[in-house]
Amino acid sequence: MHNSSTEQSNSGTATVKAGKSDTGQPMYNIDQDENKVLIKSKNEADTTKGMLTDLLIRYDLGPLETKVLIIPPTGGAEKGIWWYYQAPIAKVSLPVSFRFKSVQQYNEDAQGLWHPLYQGKSLPEMEINDLRYVRYRSGFNLNKQEVGKYTRMLFNTYSRDIINMEVNGKIAPRIFPAEKWVSEVTRQRDKSFTFLKETEYDNQFDLTGLLKEDHNEVWLVYENIGHEHGYFPMEELCGIRIAGLSDGTTAINKKLEWDYSANLSGIAQKFTENGFDSKQWKVVPLDTTFQIPRKGNNLQPKGKQNALLTWYRAEFKLPKNDGKRTWRLLINASGNGFIYINGHNIGRHWEAGPQREFYIPECWLNLKEGEKNNITLGLRQTVNGAVIRAMEICSYNNDNN
């Protein structure tokens, strides 16, 4: 029975009139294996003849509701069972989460394999075409007069990428661009239609009190952010074109020779992979009570820059019998960089919001009971440093729906 009204319910009674059951022809049915089964031959006596009665059916139908009445072989309609579609009851599955009580910390260093950099050679020309951090270094000698003269380090890059620099073991203060922009790295709309000129110094540092007589060592982390979506910068190369010492901000007085390393020391030492021995790393406690927001700006912890880039590592095991859930990482931290799960890059962490949540692909997780998973973060320090306040692995709410 069907109620065709979209708004009104319908209830009442209906009578089904009995008809003749003996047609004199064989009757067949189909069983569960799709076989044709004879249930009555044409010569079989009709034992029900004269015994069929009318059926009085009481019904109650909601708007657009359809019901089927299943009547047993013996008995009337009152013994029948109504069948109708019922939406399955969703199985409620509360999210599972666990907080990290601590992480291990290590500051990026200048170790690793270095190669001479030919002046004006870009990263694509060195077969570095992906988004990553690249290191540069230079060693040079100065006399007393030069130490007092050169108070600036100027860089001319191809695409306005960000540089963090250390001089003789100390962080070089930034003059340009502004620290706020360096933390957020948003689009510079006023420069989106202009190429960088060879006399335009897009990264400038203050060397006051950092240089010394005789030998000096400088090394830096260059962040290949990736070009803007559209406009002229899409056609630009990336990397350092020229850099050197200056007594001002408009011209380089002493060009320096540089070496480069195609990867961070942490990448070369396989910090992101399982099985790495991090016993020498510093243990940093985390806040286990802070509710980590999924997105939003001005929520990151405030620290001080004490290195160019900082590594963090932590291990976790998934709860027993929870391998079929879908997992995510929640984090509250300062600093910009990349996040790795068992050696796989799952996304970019940006100090400026909104993202604080990262999906973890199941194919990169160790799901078996007792197996460890490794999470690694490499964060370039901003003016707020690279500080992790809280970190959590959590399942999504609708895993079993």
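**Overall architecture and strand pairing of the predicted chain**

In the predicted model, the secondary structure of the chain amounts to 3 helices and 27 strands. The chain has a radius of gyration of 36 Å, well over the 21 Å that the globule rule gives for 401 residues, so it is more spread out than a compact globule. Along the principal axes, the C-alpha atoms fill a box of roughly 125 × 50 × 40 Å.

Burial and contacts were examined next. Of the 401 residues in the chain, 42% are buried. The exposed surface of the chain comes to about 22900 Å². Carbon and sulfur atoms supply 50% of that area. Among contacts with a separation of 6 or more, 81% are between residues 24 or more positions apart.

Strand 17 spans residues 240-246. All 7 of its 7 residues are buried, that is, under 20% relative accessible area. Strand 17 is therefore largely enclosed by the rest of the structure. Two pairings of this strand were examined. Strand 11, residues 152-157, runs antiparallel to strand 17 and is joined to it by 6 bridges. Within this pairing, Leu154 stands opposite Gly244 of strand 17. Strand 18, residues 254-255, also pairs with strand 17 in the antiparallel sense. Here the pairing extends over 2 bridges. Gly244 stands opposite Lys255 in strand 18. Gly244 thus faces Leu154 in one pairing and Lys255 in the other.

An open sheet is formed by 6 strands. Their order is 20-8-21-26-23-24, and the pairing is antiparallel. Strand 20 (282-285) and strand 24 (344-349) are the edge strands, each pairing on one side only. On average, neighbouring strands of this sheet are turned by 25° against each other, direction ignored. At one end of the strand order, strand 23 (residues 336-341) is joined to strand 24 by 5 bridges. These two strands run antiparallel. Gly337 has His349 of strand 24 as its bridge partner. In a regular strand, side chains alternate between the two faces of the sheet.

Taken together, the chain is more spread out than a compact globule, yet strand 17 is largely enclosed by the rest of the structure. The pairings described are antiparallel both for strand 17 with strand 11 and with strand 18, and for the open sheet of 6 strands.

Notes
Residues numbered from 1 in each chain as written. Predicted model: local features only at pLDDT ≥ 70, side-chain atom pairs only at ≥ 80, totals over all residues. Heavy atoms only, no water. Buried < 20%, exposed > 50% of the residue type's maximum accessible area, 1.4 Å probe, protein only. Helix = DSSP H or I, 4+ residues; strand = E, 2+ residues; numbered from the N terminus. Pairing = 2+ DSSP bridges. Axes fitted to C-alpha atoms, helices over the stretch in contact; angles between N-to-C directions. Rg over C-alpha atoms; globule rule 2.2 N^0.38 Å. Contact = heavy atoms within 4.5 Å. Areas by Shrake-Rupley, 256 points an atom, 1.4 Å probe, with all protein chains shown as cover.
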